[in-house]
Amino acid sequence: MTDIAITQLPAAPLNVLEIWSNPLAVLDRFEKAFGPSLPPLGSSLQLPGRLLIRYEPAVWLVEGETIGLAEILGSDGSLTAIGGGLVRVRLSGAGWRSLLMEGGVFDAESKAFAPGCSAATVIDHVNVRLLVESDDACLAYVPLSYARGMIHFWTIAAKSLD
Amino acid sequence: MSGPQRAGEPGTIRFTFDGKPLLARRGDTLAAALLANGIGLVARSFKYHRPRGIMAAGVEEPNALVTVGTGGRSEPNTRATDLFVYEGMVARSQNRWPNLSFDVGSILGLAAKALPAGFYYKTFFGSAKRWMFYEWFIRRAAGLGDAPNAADPDRFAQRAGFCDVLVVGAGPAGLAAALAAAEAGERVTLVEQDRVLAPSLVRDPQELDPAWAEATAAQISALGGQILLRTTAAGYWDDNLITLSQRLAEPGQQPPNGAAQRLWHVRAKRVVLATGALERPLAFAHNDRPGVMLSQAVRTYVRRFGVVPGQRVIIATNNDDAYLTAAAMRDAGAEVVAVLDTRPAPAGATSGFTVHNEAMPLATTGARHHLREVSARVGGKIVRWQADLLAMSGGFTPVVHLHMQAGGAALDWDDASQSFLPGAARQNVTSIGAAAAADPIGPTPPPENSGKAFIDFQNDVSLGDVDLAWAEGYRSVEHLKRYTTLAMATDQGKTSNMAALGRLAEKQGVAIPDAGLTTFRPPYTPVTMGLLAGRSERDAGAHLRRLALYDVHQAKAPTWQPLGYWKRPRAYPAGTETLAQAALREARSVRTAVGMTDVSTLAKFEVSGPDAAALLELICATTVAKLAVGRGRYTFMLREDGLVFDDGTVWRLGEDRYLLTSSTGGADRMATHISYVRQFLYPQLKVSAVNVQEHYAGIAVAGPHAKTVLAALIGEEVPRHMSTVPAAIGGVPVLVLAASYSGERAFEIYVEASKAEPVWSACEAEVTAHGGCLYGMEAMEFLRIEKGHLVVGGEIDGRLTPHDLALGGMLNKAGGYVGAEGLTRPALTQTGRKQLVGLEALDGTIPEGSMLITAPGQPAQGHVTAAGLRVLDGGSIALGQLNDGFARHGELLIASSPTRGLIARVRVVAPHFYDTGGERYRD
């Protein structure tokens, strides 16, 4: 039996952080406040109490705390809450990479898709954002309206991997 | 004893063929199992119902098509040679009545001369009535298996695959190539359509020890390579995309894990085609009888399955390979009666066989399951032998299908092997092994009787048919193919193409490569439709979009209504209420007391930044910047051509923060439009536009008591119409928008979707306490029609301007919005345009969607976009689009739906039937 667990996580604060001007200045302010820089495309940054995932050229998803971010953005960007519309689903176990290939178009089996990496892709016609938590777990951000269907899809698909 | 048989244990796997219980050994194909049980007659041919047996041992089999499985799992036209027997398998022959042995349809064979190539097209001549007469017979006489009547109960999985090297074919060449790539550190996927590796080594163990294949595969796996058995590379597309069809269960078999097959979309940096070669049959009279087989197939049955297809065998060949078959048959105890070699002298070893050179079969006679006699021309003489099996080899055709699909249109002609070889490749693909080269062959003399010398066995096309097509003027290979239906059956002419091309070239007096070549197209082998459709035929592969409050609604057992991918409550019938009764009750509750409904699916965008108003004044055709904080307004959006494509509301939540709502059905389109304007037209704007459609659940509370209800819920003064305030309900933060779609004083309460349930419960309790109820989309439709509010997809159908919809007065006078230029086109202000009107029924019920005409037989002047009724007073009303409608108020028309037989007389009126002054919105 393929080792996969599919777990819906509790709702979490999720915000879109978008920069529309002076990106270098924003990055500078961010580094001064937090140390590391904002993560590049396809990767993430875990800070105490918050996780930042870049998933568009000028857009980051912020999970958790947003204190201080508005000040860093100033008039160069904004924060918008979107957490009500996304469900976090953890796929864990050795088979999560194979499972993500089902109905997918993204190479989740690539070794380059390592812990800390993120991706925005389509799985079974649904837009899903992925974050590799570890070698044995990946977090999927699924639109609320599709979440139940996707969990059902993954549950069924996991059986056919055997 | 004659005919096919197997020595030793019959096997332990039980299956049936045409209801007869039989036994098979593990690993048997159905073809092998039938031969092992002495069954040579397996099928009836498509057109003439000729008795057919098993010719091949692989996917090229043209004759032995069966239906396997029962109910929804039944799969017709399955090749018995590509179907592995499983316990309880039910297989049936096809295209015969009443049974395979005695098939009434075989009488068509006697009329074969009247039914040559192209006869079908000739039935089109004359009157249509004659064709109808012919069709009745043709459809019943010809055919393959029946499609199942029941739904397929199984899933069909689809998945992506990525690799550096995809090797197609796990024969010796493919295995070696895959191992080399894996050892070079490349990511390798190796696919094999058989269920065993390197089946050719089992057939010809003298080349390599079959154990080598297992050892090589183990090495590939150890290096991280992926090996997929029962997997066929069916299609080769652009950018080295290859589609694989993987069988997870045999046809008709209940899959162990739910999925019957998996479709792979594989992106490979490099593709290696080790697809082997197909043996060609020889053309001679009655070469299609049970007992006439391809030479390598005979060897395969003997060596791999332990089945001896005949006891007295004639070998007919133009190459050396068939001598291996002679040896295999001799080793299996069969008598090799003679070897007929077309060549003056064979090139290889012929030890121990009676070989006749310059010899070619002429014809066969047969019994039910095997041959009786083979006649041949040997030198100048005709010789006859008693034989139950004829193993033939007309040379080999490299499998270049995938190469050609990949865009390698240019195939190289190899004269020695009389075959096409892969030419220059247009993608990163190489062919190796038998797919890239074929051994030389000798001459292949044409048959003396071409009428029964079949070349396309599956479509019953003989060389005589090719001759006839030529005689009737078909010169191009493409025309010839279509006229004769050659190579158009499910086997795509795998065994027939070269013979047909050879005959055509002979007629044209040119070499084969100059005669032309038809195109190989995907799929290489037939693919189940369900595999292409996706995971389940019941939902067409698309997920249902569920409301955040789906379970809350479901508990009230509403009538659901699909809306795009969403499902929304259409009505909440109580007791024995019909949908119409429930909807009217709900609508009346809104008009007289209060109602609440779920409006979560509305599109919602949060727009923030110093240029937020600027962006919105591009997207919306109304003014936005002048809105005070806490105020909102109705708005609508234009395409660049000036036509209205959506509408909604815009709210100023803060100094630089707005909320834009628009229609549910147009949500994705609006998101694209905003992105286009923001990212492409005006990337310099300092603004963020975030889709928050799913972030907020929405609850609308409407009716004369709505204000009281809301005040009780939020514990503070409610906002006036088109105002917004943040508030809390039961401690949950909400955003209250005072907006109305119903025509009553109403509020939309937006709450973070994950926290919506307690807010909904609190609202429902308060609404119920004030004598109200839930209402669904049907009631909402009644209410908005009566009020004259527009709906996207109905009145807003992408063809009307703001002026046509009586919205011209709301346009931003300063212009600058997307569509402003398009709106100045003269055609958009000419007379005769469709304009929004209201319609009152003078009698009966106005049919929705009906056309508006002045008198029966006159052309349509418009149509009914939405029909409803006066909620409190009764009477049928509607909204519609009518040519020059604004100037036609008071005119009498007919709303007619001829296809439904519905008609009503209507009066054209203003599109507002309720509270035309908007007094009920105001406090």
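Axes are lines fitted to C-alpha atoms, for helices over the stretch in contact, and angles run from 0 to 180 degrees between N-to-C directions. Helices (H or I, at least four residues) and strands (E, at least two) are DSSP runs, numbered from the N terminus.

This is a predicted model, in which local features need pLDDT of at least 70, side-chain atom pairs count only at pLDDT 80 or more, and totals for chains, interfaces and linings use all residues. Residues are numbered from 1 along each chain as its sequence is written, and chains are lettered from A and ligands numbered from 1 in the order in which they are written.

**Exercise 1. State the confidence scores of the model and of chain B.**

Start with the model: ipTM is 0.97 and pTM is 0.91. Then take chain B. Its pLDDT (the predictor's confidence in each residue, from 0 to 100) averages 94. At least 70 is reached by 98% of the residues.

**Exercise 2. Describe how H17(B) packs on H22(B).**

Step 1: locate the helices. H17(B) covers residues 579-592, and H22(B) covers residues 777-787.

Step 2: take the geometry. The axes lie 8 Å apart, at an angle of about 55°. The pair is therefore oblique. Angles under 35 degrees count as roughly parallel, over 145 as roughly antiparallel, 65 to 115 as roughly perpendicular and the rest as oblique.

Step 3: list the contacts (C-beta atoms, placed from the backbone, within 7 Å). H17(B) brings Leu579(B), Ala583(B), Glu586(B), Ala587(B) and Val590(B). H22(B) answers with Glu778(B), Ala779(B), Phe782(B) and Leu783(B).

Step 4: sort them by class. This contact has 7 nonpolar, no polar and 2 charged residues. Ala, Val, Leu, Ile, Met, Phe, Trp, Tyr, Cys and Pro count as nonpolar, Asp, Glu, Lys and Arg as charged, and the others, Gly among them, as polar.

**Exercise 3. Repeat the analysis for H18(B) and H19(B).**

Step 1: H18(B) spans residues 612-619 and H19(B) spans residues 667-681. Their axes come within 10 Å and cross at roughly 120°. That makes H18(B) oblique to H19(B).

Step 2: from H18(B), Leu615(B), Leu618(B) and Ile619(B) meet His673(B), Ile674(B), Val677(B) and Arg678(B) of H19(B). The classes here are 5 nonpolar, 1 polar and 1 charged.

**Exercise 4. Trace the sheet that holds E34(B).**

Step 1: write the order. Five strands run E35-E36-E37-E34-E38 in chain B, in an open sheet with antiparallel pairing. Strands pair if DSSP finds at least two bridges between them.

Step 2: find the edges. E35(B) (632-638) and E38(B) each have a single partner strand, so one side of each is left without a neighbour in the sheet. Neighbouring strands are turned by 25° on average, direction ignored.

Step 3: zoom in. E34(B) and E37(B) (residues 657-662) pair over 6 bridges. There, Phe605(B) has Leu660(B) as its bridge partner.

**Exercise 5. Which strands edge the sheet E21-E22-E23 of chain B?**

This open sheet has 3 strands with antiparallel pairing. E21(B) (359-366) and E23(B) (381-386) are its edge strands. E21(B) is joined to E22(B) (residues 371-378) by 7 bridges. One bridge links Ala363(B) with Ser375(B).

**Exercise 6. What does chain B contribute to the contact with chain A?**

Count first: 34 residues come from chain B and 38 residues from chain A. Next, name the elements that give two or more residues on chain B's side: E9(B) (155-168), E34(B) (603-608) and E38(B) (688-691). E9(B) supplies the largest share, 7 residues. Finish with the classes on that side: 14 nonpolar, 12 polar and 8 charged.

Definitions and conventions
Contact = placed C-beta atoms within 7 Å.
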